[in-house]
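Here are some exercises to work through with the sequence and the 3D model side by side. Try each task yourself before you read its solution.

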Amino acid sequence: MEEAKNLNPSILQRSQLDLLFGALAERGYRVVGPTVRDGAIVYDDVRSSADLPVGWKDEQDGGKYRLVRRDDQAVFGYAVGPHSWKRFLHPPLVRLWQATRKSGGFDVAAEQHEQRLTAFIGVRACELNAIQIQDKVFMGGPHVDSAYKARRERAFLVALNCGQASGTCFCVSMNTGPKAERGFDLALTEVLEDGRHYFVVEVGSETGAEVANALPLSPAKPADTAAAERVVTQTASQMGRSLDTTDIKELLYRNYENRRWDEVANRCLTCANCTMVCPTCFCTTIDDVTDLTGEHAERQQKWDSCFTMDFSYIHGGSIRPSARSRYRQWMTHKLATWIDQFGSSGCVGCGRCITWCPVGIDITEEARAIRQSEIAPQAAAKEDENGD
Amino acid sequence: MMTHPMVPDPWRVQRVRRDTADTFTMELESANGKHSLAFAPGQFNMLYLFGVGEVPISISGDPAKPGTLVHTTREVGTVTRAMRKLKPSDCMGVRGPFGVGWPVTEARGADVVIVAGGIGLAPLRPALYQLLAARNYYGKVVLLYGTRTPADILFRKELQNWHSRFDLEVHVTVDRAMGNWRGNVGVVTTLIPRAPFDPHSTVAMVCGPEVMMRFTVQELEKRGVALENIYLSMERNMKCAAGFCGHCQYGPTFICKDGPVFRYDRLQPLMTVREM
């Protein structure tokens with residue numbers, strides 16, 4: 001029975017992975033996945049598994065990222081690179097409309113947004129969560145970003161349960177991984193064991209089932225699913241970082257004036273890297289531009305960052321001129337105000353902001369320091385009491 | 001396909017009137033036959049000037065006349081300075097209306113005190129129009145208005161008309177005055193202690209510079225007005241007005257969609273924090 005086959009996990013041999021690309025291409029999908037470029041894993045067009053980062057893994061720490069060879073031929077044996085899928089779903093530069101001057105005014109033509117079906121290969125659990133978070137931002141409020149919605153509806157997500165955590169991963173703390181629980185069309189777990197190399201495939205949607213039916217899948221045996229579970233369990237135990245989220249909203253709301261913000265401001269370059277690599281950061285600015293003739297104008301939407309001075313400018317000056325208040329804005333938004341705004345944390349624990357910070361500022365360490373600063377004075381007071 | 005909220009509609013300038021040295025009021029009519037723009041007092045539009053840029057400006061006209069769009073603007077930047085040069089029949093782009101407005105309907109049965117500073121009177125004028133159009137539903141209605149100098153007083157004629165009504169208290173004050181000024185001198189908060197309203201049954205609507213609003217709240221609180229009956233209109237940088245661009249965040253709120261008008265008790269923890 002076809003359906004039963006899809007409800008239960010099944011097996012795709014590594015040697016047959018290319019058939020997935022074929023099945024997607026046949027259905028009209030542009031296929032995007034991880035590739036190696038300039039010493040990093042970046043998401044780009046892929047035609048077959050030969051384009052994937054076979055045999056590579058990443059070493060990550062605060063301000064550090066290196067690709068190194070694995071001692072096996074794992075296809076997805078890395079954690080995450082600087083790119084996230086927001087690059088495709090919420091691109092860095094989008095033209096929203098064009099206007100042409102005419103006598104007595106101007107005509108505005110809204111941009112006809114790309115209708116192309118796109119398949120994303122190797123979406124991590126943290127990234128799936130990030131996509132769902134951005135869905136709320138662009139489609140869950142009183143206004144809907146129709147361009148985002150069009151891109152989102154045409155996306156086919158092939159999730160990849162992580163087999164390798166990086167030194168800056170903390171999805172376990174954020175409850176966003178390392179296993180993809182929902183929101184995917186297909187989910188794969190890569191297993192390399194006893195000379196075998198295969199993927200355990202789970203189906204998460206009707207479209208996913210359709211694609212799965214086009215693949216030569218075989219039913220997964222209990223030993224196969226157990227192996228897949230071991231992969232995820234092992235990754236969960238490898239987390240390089242952790243973040244205590246207990247009452248974190250209240251913690252940060254209480255600490256707008258904490259001295260730690262001054263301390264981190266001494267290190268922060270306000271370069272905005274963290275916001276660019278963050279898979280949930282969604283802020284944009286608007287550029288209204290004209291050509292040299294002055295006859296044509298267009299509006300461009302560009303990624304922006306709360307770390308820039310212009311971000312909060314109103315007539316008279318910037319609301320947040322100091323690095324202190326800009327870092328506070330970013331971190332408090334990510335971990336606290338986001339919860340009030342969208343019903344979940346804005347952090348998925350992917351660790352990119354830590355890895356790609358040029359000075360290695362670590363959001364988990366900053367949150368810990370603020371928590372400690374509330375405990376430390378009490379502990380100090382207790383010690384004083386004991387001493388008396 | 002659904003229209004993207006970032007795409008403006010064309011509106012045509014009917015009239016531009018200079019209110020003060022740096023403030024002007026534009027009246028616009030729809031240029032594409034979409035004849036009206038129904039709005040609630042306190043809401044704002046995004047106004048786009050071809051080739052120059054876009055700015056958020058509150059609506060200062062009468063909600064009962066949605067066919068004419070009225071915006072009162074101060075020249076403070078590139079876009080607003082260019083807007084000042086618009087002439088009748090010129091075209092501009094309009095997106096909106098956006099945001100949550102003043103609690104005019106909710107205030108029925110209570111006294112209403114409106115406290116405005118400078119250009120802050122503009123977003124409050126639609127509320128006044130509505131209050132006066134349904135005057136019987138309210139107790140006392142008081143307008144307290146402060147500007148820097150007598151020359152900065154907006155809507156002068158209209159203020160004089162309102163002043164002559166028996167069902168509306170109007171008090172105007174200026175920070176600095178020349179010898180020919182016979183009115184109040186002092187910041188607008190000095191009008192609050194002696195304004196005639198019942199603090200236990202009053203809804204206050206406040207708009208002006210943030211520091212003025214902070215001190216206004218203090219004075220209202222001293223009079224005994226409950227914090228949950230005080231409403232402020234806030235301002236932050238804004239690019240999209242639809243909740244996407246992130247610029248207008250103020251703590252957990254988005255000024256564009258949760259405001260610009262907020263109940264004060266929601267803002268209280270934020271307003272004492274620097275660089276919020």
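**Exercise 1.** Which side chains of chain A and chain B meet in a salt bridge? Then describe the contact between the two chains.

*Solution.* Keep in mind that this is a predicted model.

Step 1. Look for the charged pair: the side chains of R299(A) and E54(B) form a salt bridge, with N and O 3.1 Å apart. To qualify, the nitrogen must be within 4 Å of the carboxyl oxygen, and the rule finds one such bridge across the interface of chain B and chain A.

Step 2. Add the polar contacts: between chain B and chain A there are 20 residue pairs of this kind, both residues at pLDDT 80 or more.

Step 3. Find the elements on the chain B side. Those that give two or more residues to the side touching chain A are β4 (53-58), β6 (91-98) and β14 (253-254) of chain B. The most come from β6(B), with five residues.

Step 4. Sort that side of chain B by class: 21 residues are nonpolar, 14 polar and ten charged.

Step 5. Finish with the extent of the contact. It takes 45 residues from chain B and 55 residues from chain A. Together the chains bury about 4100 Å², and 61% of this is on carbon and sulfur atoms.

**Exercise 2.** How compact is chain A for its 388 residues?

*Solution.* Step 1. Start with the secondary structure: chain A has 14 helices and 16 strands.

Step 2. Compare two radii. Chain A has a radius of gyration of 23 Å, close to the 21 Å that the globule rule gives for 388 residues, so chain A is as compact as a globular protein of that length.

Step 3. Picture the outline: along the principal axes, the C-alpha atoms of chain A fill a box of roughly 85 × 65 × 40 Å.

**Exercise 3.** Into which domains is chain A divided, and how many salt bridges are there between them?

*Solution.* Step 1. Chain A is split into domain 1 (2-236) and domain 2 (248-387). Their C-alpha centres are 27 Å apart.

Step 2. Count the residues: 42 from domain 1 of chain A are in contact with 40 from domain 2 of chain A.

Step 3. Turn to area. Domain 1 and domain 2 of chain A bury about 3400 Å² between them, 59% of it given by carbon and sulfur atoms. In domain 1 of chain A, the residues that lose the most area to domain 2 are K86(A), I133(A) and F170(A), together 17% of what that side buries.

Step 4. Look at the charges. The count between these domains of chain A is two salt bridges; one joins the side chains of R95(A) and E298(A) at 3.2 Å, N to O. The rule also finds 30 residue pairs in polar contact across this interface, both at pLDDT 80 or more.

**Exercise 4.** Where is the salt bridge between domain 1 and domain 2 of chain B?

*Solution.* Step 1. Mark the domains of chain B: domain 1 (9-98) and domain 2 (111-233). The contact takes 18 residues from domain 1 and 14 residues from domain 2.

Step 2. Check the charged side chains. The rule finds one salt bridge across this interface, and the side chains of D22(B) and R148(B) meet in a salt bridge of 3.9 Å, N to O.

Step 3. Add the area: domain 1 and domain 2 of chain B bury about 1100 Å² between them, 60% of it on carbon and sulfur atoms.

Notes
Residues are numbered from 1 along each chain as its sequence is written. Chains are lettered from A and ligands numbered from 1 in the order in which they are written. This is a predicted model: local features need pLDDT of at least 70, side-chain atom pairs count only at pLDDT 80 or more; totals for chains, interfaces and linings use all residues. Side-chain values use heavy atoms; hydrogens and water are left out. Domain bounds come from an automatic or database domain assignment. Contact means heavy atoms within 4.5 Å. Buried area is the accessible area (1.4 Å probe) that two parts lose on being put together, summed over both. Helices (H or I, at least four residues) and strands (E, at least two) are DSSP runs, numbered from the N terminus. The radius of gyration is taken over C-alpha atoms; the globule rule is 2.2 Å times the number of residues to the power 0.38. A polar contact is a pair of N or O atoms within 3.5 Å; within protein, one must be able to donate a hydrogen and the other to accept it, and residues adjacent in sequence count only if both atoms are side-chain atoms. Ala, Val, Leu, Ile, Met, Phe, Trp, Tyr, Cys and Pro count as nonpolar, Asp, Glu, Lys and Arg as charged, and the others, Gly among them, as polar.
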